[in-house]
Amino acid sequence: MINPSAQYAAMLFDRTQRLVGPATVQSLRDCCFGVAGCGGVGGAAAILLARMGVGRFVLADPGRFDPPDANRQWAANSESMGQNKCEQYAQILAQINPNIHVSVMPEGVNAANVEALASEADVLLDCLDVSVSIDLRAALYRHCRRRGIYCLSAPVLGFGTLLAASDPNGMPMDAFIEVLKSVGRCGKLPAALRGIFAPLSMDAIERDLPTGRIPSLAIGPALGAAFASTEALIALSGRESPLWRPPLCLPRMLAVDALSMKYEFVEIAQLLDEQKLEVAA
């Protein structure tokens, strides 16, 4: 077994730089990825980006692992029960890369620290729980925009995910907030998503949405983390990287469902118009 040493550090990103180039790997070492909510998507995305060379993280989550988390959250197992989520992920990231730097906010995101969280990150992933105030989520997006950083969210829908993101020079996340508010008011997901996501998932989510205990399994969060970390990687690596392309931004969102085998772009305006009709009805 190789100890965390110069040899380990030298070899850690050998395969990665063969794909994206050594300059990209080097630049990622100075980048900071922020995660608001280290659940199924947030924790997994942090691990993926640590394995791809991101050198700094700020993780926020007040939650402690309990048995239902183990069906989808990478750090949840029989030995981590009762442990704070962001502190557990910080340990995992340090085990992957001993040179990594992780700041943790075990108190979670709140009105007092939301600006500090955005100020540390170069890209921020919102994975706040559905029970968190929508106003706090909106405040997080506003601070990201003021700071001039890319932010994204990847809510899980059964076997898939709906990815929304905002470039600081483009459309803000306000419209995405309005969609979330409308879902909360009417208790239904936008009808356009039924043409993409399996009815099994949509029906189960709408059934349990009022309880706040959204049904889940491991596949959706894994997809959400994979797509979110890809967009974050592109945004962090910059235009000089060989993997550069414009990252996903509103008004387009990406909807992916493994069960229905669908991969489609969705316009946020379509979801907003549908939700307005639903509320009016």
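At 75% relative accessibility, Met-261 counts as exposed. The residue sits in the loop between S8 and strand S9 (262-267), and its backbone stands out as well: Met-261 has a positive phi of about 60° although it is not a glycine. Everything reported here comes from a predicted model. For context, most residues other than glycine have a negative phi, and most peptide bonds are trans. The second half of that remark has its own exception here, since the peptide bond from Leu-250 to Pro-251 is cis. Its omega is near 15°, and Pro-251 belongs to the loop between H10 and S8.

Stepping back to the whole chain, the secondary structure adds up to 11 helices and nine strands. The radius of gyration is 18 Å, close to the 19 Å that the globule rule gives for 281 residues, so the chain is as compact as a globular protein of that length. Laid along its principal axes, the C-alpha trace spans about 65 × 45 × 40 Å. As for burial, 49% of the 281 residues count as buried. The accessible surface of the chain is about 13200 Å², and carbon and sulfur atoms hold 54% of that area. Contacts reach well along the sequence, too: among those between residues at least 6 apart, 65% join residues at least 24 apart.

Next come the charges. The chain carries 24 positive and 28 negative side chains, and the centres of the two sets lie 2 Å apart. Side chains of opposite charge can pair when their charged atoms come close. How many salt bridges does a search of the whole structure find? The count is 10, and a few of them are worth going through one at a time.

One of these pairs Asp-122 with Arg-56, with 3.7 Å between the closest N and O atoms. Asp-122 lies in the loop between helix H6 (114-120) and strand S4 (123-126), while Arg-56 is in strand S2 (residues 56-60), so the bridge ties together parts that are 66 residues apart in sequence. Both partners are partly exposed: Asp-122 has a relative accessible area of 29%, and Arg-56 comes in at 30%.

Another bridge joins Glu-231 and Arg-245, where the closest N and O atoms are 2.6 Å apart. Here Glu-231 is part of helix H10 (residues 219-237) and Arg-245 is in the loop between H10 and strand S8 (252-257), so this pair links parts that are 14 residues apart in sequence. Is Glu-231 buried or exposed? With 6% relative accessibility, Glu-231 counts as buried, whereas Arg-245 is partly exposed at 34%. The loop that holds Arg-245 is also where Pro-251 is found.

The Asp-69 and Arg-72 bridge has its closest N and O atoms 3.7 Å apart. Asp-69 is buried, with a relative accessible area of 7%, and Arg-72 is partly exposed at 23%. What else joins in? Asp-69, Arg-72 and Lys-85 are linked in a network of salt bridges.

Technical notes
Residues are numbered from 1 along each chain as its sequence is written. This is a predicted model: local features need pLDDT of at least 70, side-chain atom pairs count only at pLDDT 80 or more; totals for chains, interfaces and linings use all residues. Side-chain values use heavy atoms; hydrogens and water are left out. Helices (H or I, at least four residues) and strands (E, at least two) are DSSP runs, numbered from the N terminus. The radius of gyration is taken over C-alpha atoms; the globule rule is 2.2 Å times the number of residues to the power 0.38. Buried means under 20% relative accessible area, exposed over 50%, partly exposed in between (1.4 Å probe, protein chains only). Contact means heavy atoms within 4.5 Å. Accessible areas come from the Shrake-Rupley method with a 1.4 Å probe; for residues, only the protein chains shown count as cover. Lys and Arg count as positive and Asp and Glu as negative; His and the chain ends are not counted. The place of a charge is taken as NZ of Lys, CZ of Arg, CG of Asp or CD of Glu. A salt bridge is a side-chain nitrogen of Lys or Arg within 4 Å of a carboxyl oxygen of Asp or Glu.
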